[in-house]
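Colleague: Got a minute for this model? I'd like to start with the core.

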Amino acid sequence: FVVRKFTGRCELQRICYNNKHGARRTLKIESSLRHSKNELLQSALSVHPDQVEKTIDDIMALKKINPDTNPQSEPPYHIVTLH
């Protein structure tokens with residue numbers, strides 16, 4: 001919570017901004033989602049392929065991520081939900 005207030009970014013955004021594309025970043029995102037207290041985030045790891053886009057939209061809304069101002073944030077969620 002304190003880091004979010006200080007940086008203005010949620011944990012998923014910080015992972016995306018601080019790690020290059022690749023396995024390490026994907027694993028960190030998966031770990032963050034798996035250990036989240038939020039059921040939506042936990043369920044994102046096993047969403048049906050037909051629900052990927054809706055789940056991404058729901059996560060973006062939940063975390064108040066604006067894709068226009070945070071273009072790096074969306075693709076990693078997409079990768080994780082397709083595993």
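Modeller: Sure. The largest nonpolar core has 15 residues, and L12, I29, L33 and I59 touch the most other members. A nonpolar core here is a set of buried Ala, Val, Leu, Ile, Met, Phe, Trp, Tyr and Cys residues joined through side-chain atoms within 4.5 Å. Buried means under 20% relative accessible area, exposed over 50%, partly exposed in between (1.4 Å probe, protein chains only).

Colleague: Which elements give two or more residues to this core?

Modeller: α2 (11–18), α3 (23–34) and α5 (52–62). The largest share, four residues, comes from α5. Helices (H or I, at least four residues) and strands (E, at least two) are DSSP runs, numbered from the N terminus.

Colleague: Any caveats on the source?

Modeller: This is a predicted model: local features need pLDDT of at least 70, side-chain atom pairs count only at pLDDT 80 or more, and totals for chains, interfaces and linings use all residues. Residues are numbered from 1 along each chain as its sequence is written, and side-chain values use heavy atoms, leaving out hydrogens and water.

Colleague: Back to α5. Which residues are buried there?

Modeller: V52, T55, I56, I59 and M60. They sit on the same side of α5, because their arc around the axis is only 135°. That arc is taken from the directions from the helix axis to the C-beta atoms.

Colleague: And what follows α5?

Modeller: K64, with a positive phi near 55°.

Colleague: New topic. Where is S36?

Modeller: In the loop between α3 and α4 (39–43). S36 counts as buried because its relative accessibility is 15%.

Colleague: What does the S36 side chain reach?

Modeller: The backbone nitrogen of N38, at 3.0 Å. Leaving aside residues up to four places away in sequence, S36 touches L41 and Q42. Contact means heavy atoms within 4.5 Å.

Definitions and conventions:
A polar contact is a pair of N or O atoms within 3.5 Å; within protein, one must be able to donate a hydrogen and the other to accept it, and residues adjacent in sequence count only if both atoms are side-chain atoms.
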